[in-house]
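Please look through the structure shown here before reading my comments. I have kept them to a few points that can be checked by eye.

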Amino acid sequence: MEMIEDISEKNLEIRTEVFLKDAVFPNISNSISVLHRCETLLPISEEVNLVSQLINAIANNACKEQLTSDLSKLEYNFSPKPIQCVDSETPSDWWGKSLAVLNLNFFQRVLSAVKTKGLKQDIINRILINYAQNSLKGLFIMDPQLVKRSFLDLNLQKRQRIIVETIASLLPT
């Protein structure tokens, strides 16, 4: 592609950094989508620090969104308009459902980052429940006595255990 400094001042690396800075990092959905794609690009995506930058961007934007949502609720409560029924669902965690596409390792890292940045526990709990529902779908073995002990069944049980243990470790103490 000849994207070197001699041919063009804005080589592929610089263009990529600008794209990430302008289009990916400021947007939670884009950051989650790129982080999901990084799963197939391991270990290079880790080596170039892209995974950490994406996780940090998701955590920062989630907390900004939480703050914005809280401020809009505060503004709504002090408005001179008559009080109407307030929607019980918070728009501040819409992005949490899209975390279900991530592998367990990336999901755990994102959740740890948003916890560290101060995301509310009730939002984290809803995200954990959604991830558990999506990632454990089809993994539950209802009656282990009826299932033959094949290699595949043992792998499913092991995967199920790992997912449950990881989600439990992310719950508040």
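The points below deal with the nonpolar core, then one of its members, then the salt bridges.

1. This is a predicted model, in which local features need pLDDT of at least 70, side-chain atom pairs count only at pLDDT 80 or more, and totals for chains, interfaces and linings use all residues. Residues are numbered from 1 along each chain as its sequence is written, and side-chain values use heavy atoms, with hydrogens and water left out.

2. The largest nonpolar core (buried Ala, Val, Leu, Ile, Met, Phe, Trp, Tyr and Cys residues joined through side-chain atoms within 4.5 Å) has 37 residues, and among those touching the most other members are W95 and L99. Helix 4 gives the most to this core, with nine residues; helices here are DSSP runs (H or I) of at least four residues, numbered from the N terminus.

3. L99 lies in the loop between helix 4 and helix 5, and it counts as buried because its relative accessible area is 0%, where buried means under 20%, exposed over 50% and partly exposed in between (1.4 Å probe, protein chains only). Although L99 and I32 are 67 residues apart along the chain, their C-alpha atoms are separated by 6.8 Å.

4. There are three salt bridges in the structure, each a side-chain nitrogen of Lys or Arg within 4 Å of a carboxyl oxygen of Asp or Glu. One of them joins E46 in helix 3 to R109 in helix 5, 63 residues apart, with an N to O distance of 2.5 Å.

5. Another salt bridge pairs D122 with R126 at 3.5 Å, and because these residues are four apart in helix 6, about one helical turn separates them.

Technical notes
Helix = DSSP H or I, 4+ residues; strand = E, 2+ residues; numbered from the N terminus.
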